[in-house]
Amino acid sequence: MPISANDTKRKSWIEVPKNSDFPIQNIPFGVFLTKENVVTVGTRIGDSAIDLGALQQLGYFSGIELTDDMFIQDTLNDFISDGKKTWRLVRNRIADIFDENNSTLRDNPEHKSIIIFKMDEIEMQLPVLIGDYTDFYSSKIHASNVGKMIRNEENALLPNWPQMPIGYHGRSSTIVPSGIPVHRPFGQKLPQGESTPVFGSSRSIDFELETAFITTDANIMGEMIPISEAEDYIFGMVLLNDWTARDIQKWEYMPLGPFLSKSFASSISPWIVTMDALEPFRVSSPKQNPSPLPYLQQKGKHSFDINLEVAIQPENTEPTIVSKSNFKYMYWTMNQQLTHHTSNGCRINSGDMMGSGAISGPSEDSYGSMLELTWGGEKPLKLNDGSERKFINDNDTVIIKGFCENSQVRIGFGEVSSKLLPPFVRK
């Protein structure tokens, strides 16, 4: 089925500002609360939010097999469960409805008043009920940098790292959408030169510049998804700030890896950009050496040219961009991550989320964490207001943005913006 929604010649009768992340060729999916306090599934064009629940009730999806309440829900899980054919049909239909040459809704002010909202009239919600969350460690540059700090340059990567996508199972209960503040966590730390840990608030809060993909129902327990089919089960992508408490992590990670240093918060952008929308931005991923085992081998372009940036904004000041990276630097692809995840028969469900791991580029200003940017605090960053940062301070806001762009179209994710608050104290 062709992806007519990607037609770069198409224009919308909804105004789209110049350099918007959300032209009519994007059509992401999310969930929002309207000014009438109604939660609905929606999409976005320009600075307008579109109520897909109202659009469906008024008959605009006639001819597409959808349950009556498909978009009158507080999550996208049921829609994602319907699979790739339905996603494409719905997205193509939305593009047709809002095409500048289609007068059906354009010239119906009564319907428009029910369906279309300005972004400042709504409140974005978490787009899916995330049952399970897996975070990978798939940037070779990031893993090498961390390995150099922990061990040495010769042993930066552990022997298993080039053989398979390394990941861990994280907490879904503390995944929050952009705009929700995060508290500095408490935990165990081992002070420098001491042999006994102490309990207290983390002093080394870091961001991790990541993306994440959202899956549909993919397999039954015991079944492995072949690498050739993995992409069919990926609905779309979001931006992810996988907050990390480095001092807690340093003490707890042996022998089982991250636990409380990660589970206190993960922040995501609220609009899920579909893989169909990202199709024009396919690129080859880095050459894998050694060649992976046969079940992970793939040919063709399976990565995406997504420009990424991170800014730190102290309270009441302007933000400072501290990193510019790109998703195309990722060593392990999303297909390989999903196939490896299911290689033991692990079941994948609609709404599951898979994080990429920190995305670091080859230059020092493209690293995906403060741990790397300041090299463990040895080289503090200077912000525009003159202050310095080794890690994230209380009341700093971390802003991650991402977009794809070629000569014809720009497709973006918006942003994930989260403020770090002091430790939570019960009153």
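**Binding-site tyrosines and an open sheet in a predicted model**

Student: Is Tyr-137 buried, partly exposed or exposed in this predicted model?

Tutor: Tyr-137 has a relative accessible area of 30%. Buried means under 20% and exposed means over 50%. Because 30% falls in between, Tyr-137 is partly exposed.

Student: Where does Tyr-137 lie, and which residues does it touch beyond four places away in sequence?

Tutor: Tyr-137 lies in the loop between β6 (133-136) and α6. Leaving out residues up to four places away in sequence, the residues that Tyr-137 touches are His-142, Ala-143, Val-146, Trp-161, Ile-166, Ser-356 and Gly-357.

Student: Which residues of helix α6 are buried?

Tutor: Helix α6 spans residues 140-150, and what covers its buried residues includes α11 (370-373). The buried residues are His-142, Ala-143, Ser-144, Asn-145, Val-146 and Gly-147.

Student: Which residues carry the UniProt feature "binding site", and which of these belong to the lining of the largest pocket?

Tutor: The unreviewed UniProt entry places this feature at Tyr-137, Arg-151, Gln-249 and Tyr-253. Of these, the lining of the largest pocket includes Tyr-137, Arg-151, Gln-249 and Tyr-253.

Student: What is the relative accessible area of Tyr-253?

Tutor: Tyr-253 is found in the loop between α7 (246-252) and α8 (260-263). Tyr-253 is partly exposed, and its relative accessible area is 27%.

Student: In the open sheet of five strands, which are the edge strands?

Tutor: The strand order is β9-β26-β25-β20-β21, with mixed pairing. An edge strand pairs on one side only, and this holds for β9 (182-183) and β21 (320-326).

Student: Which residue of β21 is the bridge partner of Ile-312?

Tutor: Strand β20 (residues 307-313) pairs with β21 in the antiparallel sense over six bridges. The bridge partner of Ile-312 in β21 is Thr-320.

Technical notes: Residues numbered from 1 in each chain as written. Predicted model: local features only at pLDDT ≥ 70, side-chain atom pairs only at ≥ 80, totals over all residues. Heavy atoms only, no water. Buried < 20%, exposed > 50% of the residue type's maximum accessible area, 1.4 Å probe, protein only. Helix = DSSP H or I, 4+ residues; strand = E, 2+ residues; numbered from the N terminus. Contact = heavy atoms within 4.5 Å. UniProt positions renumbered as here; feature names shortened; annotations may be inferred. 1 Å grid on protein atoms, 1.4 Å probe; cavity = no way out; pocket = protein on both sides within 12 Å on 5 of 7 lines; lining within 4 Å. Pairing = 2+ DSSP bridges.
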